[in-house]
Structures are given as structure tokens and as C-alpha cells.
Amino acid sequence: MIYSQPSRRANHQIIVPLDVPDLQSAIALVDQLPQVNFWKVGLELFTSSGPSILEILKSRQKRIFLDLKFHDIPNTVAGACRRAASYGVDLLTIHATAGKDALKAATEALQVGASQGGVQPPKLIAITLLTSISAWQLARDLKVPLELPEYTWEMALMAKESGLNGAVCSPQEAAQLRQICGDDFLLVCPGVRPTWADQGDQKRSLTPSQAILAGADYLVIGRPITAAPDPKLAWEKIVEELTTAT
């Protein structure tokens with residue numbers, strides 16, 4: 001099957017994770033998928049390579065989602081955010097469960113760090129609940145008395161009230177969060193799986209087109225692309241699905 005050229009909008013909505021163990025593997029993946037505009041750098045790669053991978057991506061005019069999921073006391077979170085802001089990344093994550101004081105400290109620190117580095121501050125995005133956690137695990141393992149959708153709504157609202165720019169959420173929560181938090185609140189959805197891809201460890205998933213139609217701004221799609229026999233073809237199939245749906 002021949003796929004049409006990807007739309008600019010669809011290209012910019014897909015974030016592909018660099019879930020690899022080292023800098024060399026990351027560069028190889030970026031080289032393999034030059035059409036990808038937006039890359040996610042998470043804990044494993046950042047721990048291995050430090051900011052070197054960010055510098056490489058910036059040199060190639062790529063957008064960066066620095067997904068470090070900060071979770072600590074307000075002073076420590078503020079220091080980490082101040083430093084992260086200087087990298088010039090586009091998105092940065094913090095756990096909403098760090099609490100209002102930490103969330104507010106993080107937003108203030110980003111402005112300071114970006115100003116010192118002469119860059120635009122990243123959009124600060126709250127983690128509401130990891131998409132690998134099911135409703136059963138939330139109740140039984142984490143002892144949270146709220147129903148899962150209500151819990152994610154509360155976390156997202158607290159993040160918005162604390163000055164954050166958006167939230168990471170399951171695509172299954174996107175429609176309700178869009179209604180609750182408004183159009184100017186970014187929704188970043190991992191746990192997105194095409195119908196032809198393995199679900200893996202994602203418990204609360206939708207297809208890419210379903211997630212966008214539900215209100216997601218960005219889709220984080222990893223293994224359906226990077227673990228595919230032909231990553232380029234897999235990426236094109238997903239972009240085609242989004243282009244047709246939107």
C-alpha cells in the first residue's frame with residue numbers, strides 16, 4: 001500500500017519515545033526516522049547520556065519532550081526544573097502527586113531557569129496517573145478511594161490551578177479532561193495503540209485517531225513504531241490514519 005505524504009499537523013502531533021539504553025542507539029533511531037519531528041527523552045536515556053542527546057536533537061531542529069517525571073519536595077523540584085529549563089526543551093513532566101506547593105515551585109523555577117538560559121520555558125505537564133496502572137491497581141495497590149476517572153480529573157484540575165500547562169493522561173480520559181480543563185490545557189496521551197499493534201503493558205488505550213478525536217493534543221507512540229519490522233512504514237500508517245480522521 002502507498003501512503004500519502006504526511007500532513008504537517010499529524011507529524012507534529014506524534015511524539016516518538018527514544019526508549020533506548022544509550023546515546024549511540026538513540027542517534028541510530030533518529031537517523032532511521034528522519035521524518036519524526038518530536039522525540040521523547042525519558043529516564044533511561046537521560047540517565048545514560050545526560051543532556052548530550054538533547055543537544056543532538058536541538059542541532060537537528062527536533063522538538064523535545066523531556067519526560068523525567070519529577071517527584072520530590074518543592075525545593076528539590078524547583079532546582080531540577082530550573083536546570084531543565086535551560087536545555088530549551090518543549091515539554092517537561094512532573095507528577096501531580098508531588099502536591100500543589102511543588103507544582104507551583106516548579107512553574108516559577110521554569111521561568112527563572114529559562115530566563116537565565118535565554119530560552120523559552122518548556123510547557124510543564126502533570127502526570128495524572130501512569131497509563132500502566134489499572135482501576136483495580138489504583139484501588140487495591142495504591143489504596144486510592146476514588147474511581148480512576150475521578151482521580152485523574154482531580155489531579156489535572158490541581159495541576160491547572162497550580163499554573164501548569166497541561167497533563168499526561170490516558171486517551172480514555174481525554175474527552176472528559178478536555179471538557180473540564182478547557183481548550184488551552186494541553187493533553188498528552190501515551191498508551192495509544194493502533195488496531196494492528198500489540199497492546200503491551202498499556203491498560204487504558206485507544207487508537208491514534210480515537211485519541212485525537214477525544215481531545216488529545218499530542219500522542220506518545222513508541223513500540224508500535226520503533227519495534228515494528230519496518231518503523232518507517234509503521235509511522236506512515238499511523239500518520240495516514242490521523243490525516244484521514246482529522
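A residue counts as buried when its relative accessible area is under 20%. In this predicted model, strand β5 (residues 123-127) is mostly covered, with four of its five residues buried.

**Strand pairing around β5**

β5 pairs with strand β4 and with strand β6, as the table sets out.

| Pair | Partner of β5 | Sense | Bridges | Residues that stand opposite |
|---|---|---|---|---|
| β4 and β5 | β4 (residues 91-95) | parallel | five | I94 and A126 |
| β5 and β6 | β6 (residues 166-168) | parallel | three | I127 and V168 |

The connection from β4 to β5 involves helix α6 (residues 100-117): β4, α6 and β5 make a β-α-β unit, and this unit is right-handed. Within the β4 pairing, A126 of β5 stands opposite I94. Within the β6 pairing, I127 of β5 stands opposite V168. As a general point, side chains in a regular strand alternate between the two faces of the sheet.

**Packing of α8 and α9**

Helix α8 (residues 148-161) packs with helix α9 (residues 171-181), their axes lying 10 Å apart at an angle of about 40°. Angles from 65 to 115 degrees count as roughly perpendicular and those under 35 degrees as roughly parallel, so α8 is oblique to α9. The crossing of the two helices, α8 and α9, is right-handed. On the α8 side, the contact is made by L148, T152, W153, A156, L157 and K160. On the α9 side, E173, Q176, L177, I180 and C181 take part.

Methods. Residues are numbered from 1 along each chain as its sequence is written. This is a predicted model: local features need pLDDT of at least 70, side-chain atom pairs count only at pLDDT 80 or more; totals for chains, interfaces and linings use all residues. Side-chain values use heavy atoms; hydrogens and water are left out. Buried means under 20% relative accessible area, exposed over 50%, partly exposed in between (1.4 Å probe, protein chains only). Two strands pair if DSSP finds at least two bridges between them. A crossover is right-handed if, with the strands pointing away from the viewer, the path from the first strand over the helix to the second runs clockwise. Axes are lines fitted to C-alpha atoms, for helices over the stretch in contact, and angles run from 0 to 180 degrees between N-to-C directions. Angles under 35 degrees count as roughly parallel, over 145 as roughly antiparallel, 65 to 115 as roughly perpendicular and the rest as oblique. A crossing is left-handed if the near helix is turned anticlockwise from the far one by less than a right angle, and right-handed if clockwise. Contact means heavy atoms within 4.5 Å.
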